[in-house]
Amino acid sequence: MEITQSRINAFVKLGKFLSQFSQEKIEIKDAIEHNDLFFDGFKHQLKLAEENNTWFTKENLLFSTENWSKALTLSNISTWVENESLGTNEAKNVAIIMAGNIPLVGFHDFISVLIAGHSVIVKQSSNDKHLLPFLAKYLEYVSSDLKGKIVFTEGKLENFDAVIATGSNNTARYFEHYFKDKPSIIRKNRNSVAILTGNETEEDFKHLSEDVFRYFGLGCRSVSKLFVPKNYDFDNFFRGMYNRKEIIDNVKYANNYDYNKAVYLMSEFDILENGFLMIKEDNSYASPIASVFYEYYDNTDDLKIKLWEEREQIQCVVSKDFMDNEIAFGQTQHPKLWDYADGVNTLEFLAKI
């Protein structure tokens with residue numbers, strides 16, 4: 001257990017380091033360990049991440065770092081690990097294959113492996129390759145226990161005992177075959193949905209705009225599908241979405257909006273749009289960038305059954321007094337450490353390998 005406590009302390013220190021990089025400002029603070037070595041360097045890595053991937057805007061990068069700084073407190077980490085049997089088994093080498101759709105998307109798996117007392121072998125996406133190696137170096141500086149326990153590789157994964165891999169539904173099939181002889185967590189495509197009843201306030205829809213537009217809708221926790229009652233009036237929805245109208249100023253987003261709108265119009269699909277967001281009636285969960293699908297429901301009981309039957313496709317359900325485990329409007333991108341992707345308890349898996 002001493003090893004676990006040492007690693008917990010390292011991540012608390014990392015949280016304090018990241019607290020210097022918020023959406024409001026980037027500002028050096030006193031009494032942060034190793035700022036002389038790492039503060040300017042991390043500013044540079046943020047700049048490189050933005051240049052390497054135009055979806056990674058400065059705002060979204062700092063949103064991510066600020067979120068992680070708030071998550072990595074002693075109180076939060078202690079709550080997260082208190083009911084898990086960590087550090088009792090022999091340390092293993094755990095490989096992580098990361099996605100690259102949003103900044104630091106694989107960070108939760110990364111800290112889970114290390115706090116569980118294991119070593120980690122990381123294979124990053126080329127879309128998100130700058131921040132994590134730098135933060136790993138910081139961790140090695142604040143905790144001698146972590147030196148030699150973190151490896152990054154671009155080649156073939158070797159010498160690992162278990163794997164956590166995230167990818168598309170197609171790559172997941174490959175992962176399942178390739179890693180069939182190893183303990184594994186294989187993650188596939190998932191999307192998030194919002195349940196609207198007609199009783200939402202203007203404030204609810206403003207908050208929902210954050211769930212829809214944060215990270216340009218590229219995250220699995222981003223709302224890409226609405227369930228609405230028959231004859232639903234979308235006026236209030238669009239008024240709330242107007243809160244994020246400036247998103248169309250991003251050239252890459254605007255290009256996707258124009259392209260997808262052209263495809264819909266040429267295909268003679270019925271769409272509603274407001275100049276920066278389209279909504280289209282569709283049974284699918286994964287909508288293209290700059291669009292959100294919607295589907296009508298007749299009654300709430302049938303809808304709850306449908307959501308349960310199709311839960312393998314759904315990451316988050318955003319609603320207001322509709323169901324258990326719902327997420328409040330505006331909160332999908334603020335998961336707690338114990339809000340596990342796909343509902344799979346990563347620490348429990350790591351404690352048993």
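# Ring pairs, helix packing and loop residues

Colleague: Is Phe179 buried or exposed?
Modeller: Buried means under 20% relative accessible area, exposed over 50%, and partly exposed in between (1.4 Å probe, protein chains only). Phe179 has a relative accessibility of 3%. Therefore Phe179 counts as buried.

Colleague: What kind of model is this, and what pLDDT do local features need?
Modeller: Residues are numbered from 1 along each chain as its sequence is written, and side-chain values use heavy atoms, with hydrogens and water left out. The model is predicted: totals for chains, interfaces and linings use all residues, side-chain atom pairs count only at pLDDT 80 or more, and local features need pLDDT of at least 70.

Colleague: How many aromatic pairs does the whole structure hold?
Modeller: Rings of Phe, Tyr and Trp (its six-membered ring) pair if their centres lie within 6.5 Å. A search of the whole structure on that basis gives a count of 29.

Colleague: What is the geometry of the pair Tyr178 and Phe179?
Modeller: Planes under 30 degrees apart count as stacked, over 60 as edge-to-face and the rest as tilted. The ring centres of Tyr178 and Phe179 are 5.0 Å apart, with 85° between the planes. That pair is edge-to-face.

Colleague: Which angle do the ring planes of Phe237 and Phe238 make?
Modeller: The centres of these two rings are 5.5 Å apart. The pair is edge-to-face because its planes stand at 65°.

Colleague: What is the relative accessibility of Phe238?
Modeller: Its ring partner Phe237 is buried, at 0%. Phe238 also counts as buried. Its value is 15%.

Colleague: Which residues do ring pairs link into a cluster?
Modeller: Two of the members, Phe38 and Phe42, are in helix 2 and take part in its contact with helix 6. Phe134, Tyr138 and Tyr141 sit on the helix 6 side of that contact. The full cluster is Phe17, Phe21, Phe38, Phe39, Phe42, Phe134, Tyr138 and Tyr141.

Colleague: How are helix 2 and helix 6 oriented to each other?
Modeller: Helices (H or I, at least four residues) and strands (E, at least two) are DSSP runs, numbered from the N terminus. Axes are lines fitted to C-alpha atoms, for helices over the stretch in contact, and angles run from 0 to 180 degrees between N-to-C directions. Angles under 35 degrees count as roughly parallel, over 145 as roughly antiparallel, 65 to 115 as roughly perpendicular and the rest as oblique. Helix 2 (residues 35-52) and helix 6 (residues 131-142) pack at about 165° with axes 9 Å apart, so they are roughly antiparallel.

Colleague: Is the crossing of helix 2 and helix 6 left-handed or right-handed?
Modeller: A crossing is left-handed if the near helix is turned anticlockwise from the far one by less than a right angle, and right-handed if clockwise. The crossing of helix 2 and helix 6 is left-handed.

Colleague: How is helix 2 oriented to helix 3?
Modeller: Helix 2 and helix 3 (residues 58-71) pack with their axes 9 Å apart, at an angle of about 130°. That angle makes helix 2, relative to helix 3, oblique.

Colleague: How many charged residues does the contact of helix 2 with helix 3 have?
Modeller: Contact means heavy atoms within 4.5 Å. Phe42, Leu46, Ala49 and Glu50 in helix 2 meet Lys58, Leu61, Leu62 and Thr65 in helix 3. Ala, Val, Leu, Ile, Met, Phe, Trp, Tyr, Cys and Pro count as nonpolar, Asp, Glu, Lys and Arg as charged, and the others, Gly among them, as polar. By class the contact has five nonpolar residues, one polar, and charged residues numbering two.

Colleague: At what angle do helix 4 and helix 5 cross?
Modeller: The axes of helix 4 (residues 74-81) and helix 5 (residues 107-115) come within 12 Å. They cross at roughly 70°.

Colleague: Which residues of helix 5 does helix 4 meet?
Modeller: Helix 4 passes helix 5 in a right-handed crossing. From helix 4, Ile77, Trp80 and Val81 take part. Their partners in helix 5 are His108, Ile111, Ser112 and Ile115.

Colleague: What is phi of Glu268 near?
Modeller: Most residues other than glycine have a negative phi. Glu268, in the loop between helix 10 (251-266) and strand 8 (271-273), is exposed at 69%. Its phi is positive, near 60°.

Colleague: How far apart in space are Val344 and Ile185, C-alpha to C-alpha?
Modeller: Val344 is in the loop between strand 11 (314-318) and helix 12 (346-352). Val344 is partly exposed, at 32%. In sequence the two residues are 159 residues apart, and in space their separation is 8.1 Å.
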